[in-house]
Amino acid sequence: MERKRISSQNIRSVGYDARSRILEIEFSSGGIIQYSGVADEIYRRFVNSPSSGSYFRDNIEENFSSKRVR
């Protein structure tokens with residue numbers, strides 16, 4: 001999945017596959033986690049948020065099932 005860089009202290013890049021509704025996040029620590037069932041609207045709000053880290057913690061981290069890719 002292709003990811004794009006975002007401006008965040010803890011998140012390095014994000015990618016999204018609308019067909020499978022998978023959000024992939026690469027963290028500054030080097031870990032990569034995929035979140036499933038993420039709606040397009042959530043992804044757009046996340047990448048356009050003034051604080052992506054806060055949006056992630058408040059709306060994604062505990063609300064979607066995840067699997068560690070790396």
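## A first look at the sheet and its helices

Strands β4 and β5 run antiparallel and are joined by three bridges. Within this neighbourhood, Y35 stands opposite S66 of β5. Before going further, please keep in mind that this is a predicted model.

Where do these strands sit in the wider picture? The sheet is an open one made of five strands, arranged in the order β1-β2-β3-β4-β5 with antiparallel pairing. Its edge strands are β1 (residues 4-5) and β5 (residues 66-68), each of which pairs on one side only.

**The two helices**

Let us turn to what lies on the sheet. Helix α1 lies across β1, β2 and β3, and runs at about 155 degrees to β2. Helix α2 also packs on the sheet, where it touches β2, β3 and β4. The direction of α2 makes about 55 degrees with that of β2.

Which residues of α2 are buried? In this helix, which spans residues 52-59, they are S52, G53, Y55 and F56. Seen down the axis of α2, the buried residues fall within an arc of 165 degrees, so they line one face of the helix. The cover over these buried residues includes β2 (11-17), β3 (22-27), β4 (32-36) and α1 (40-48).

**A closer look at E26**

Strand β3 holds a residue worth a visit: E26. Is E26 buried or exposed? Its relative accessibility is 9%, and because buried means under 20%, E26 counts as buried. Leaving aside residues up to four places away in sequence, E26 touches R3, I11, R12, S13, G31, I32 and R70. Two of these neighbours, R3 and S13, are joined to E26 by side-chain polar contacts, listed here:

| Side chains joined | Polar contact |
|---|---|
| E26 and R3 | 3.3 Å |
| E26 and S13 | 2.8 Å |

**Out in the loop: S29**

Following the chain onward from β3, you come to the loop between β3 and β4, which is the place of S29. Here the setting is an exposed one: S29 has 70% relative accessibility and counts as exposed, because the cut-off for that class is over 50%. How far apart are the C-alpha atoms of S29 and R3? They are separated by 16 Å, and the two residues are 26 residues apart along the chain.

To recap, E26 in β3 is buried at 9% relative accessibility, whereas S29 in the loop between β3 and β4 is exposed at 70%.

Terms used
Residues numbered from 1 in each chain as written. Predicted model: local features only at pLDDT ≥ 70, side-chain atom pairs only at ≥ 80, totals over all residues. Heavy atoms only, no water. Buried < 20%, exposed > 50% of the residue type's maximum accessible area, 1.4 Å probe, protein only. Helix = DSSP H or I, 4+ residues; strand = E, 2+ residues; numbered from the N terminus. Arc of directions from axis to C-beta. Contact = heavy atoms within 4.5 Å. Polar contact = N/O pair within 3.5 Å; in protein donor to acceptor, adjacent residues only side chain to side chain. Pairing = 2+ DSSP bridges. Axes fitted to C-alpha atoms, helices over the stretch in contact; angles between N-to-C directions.
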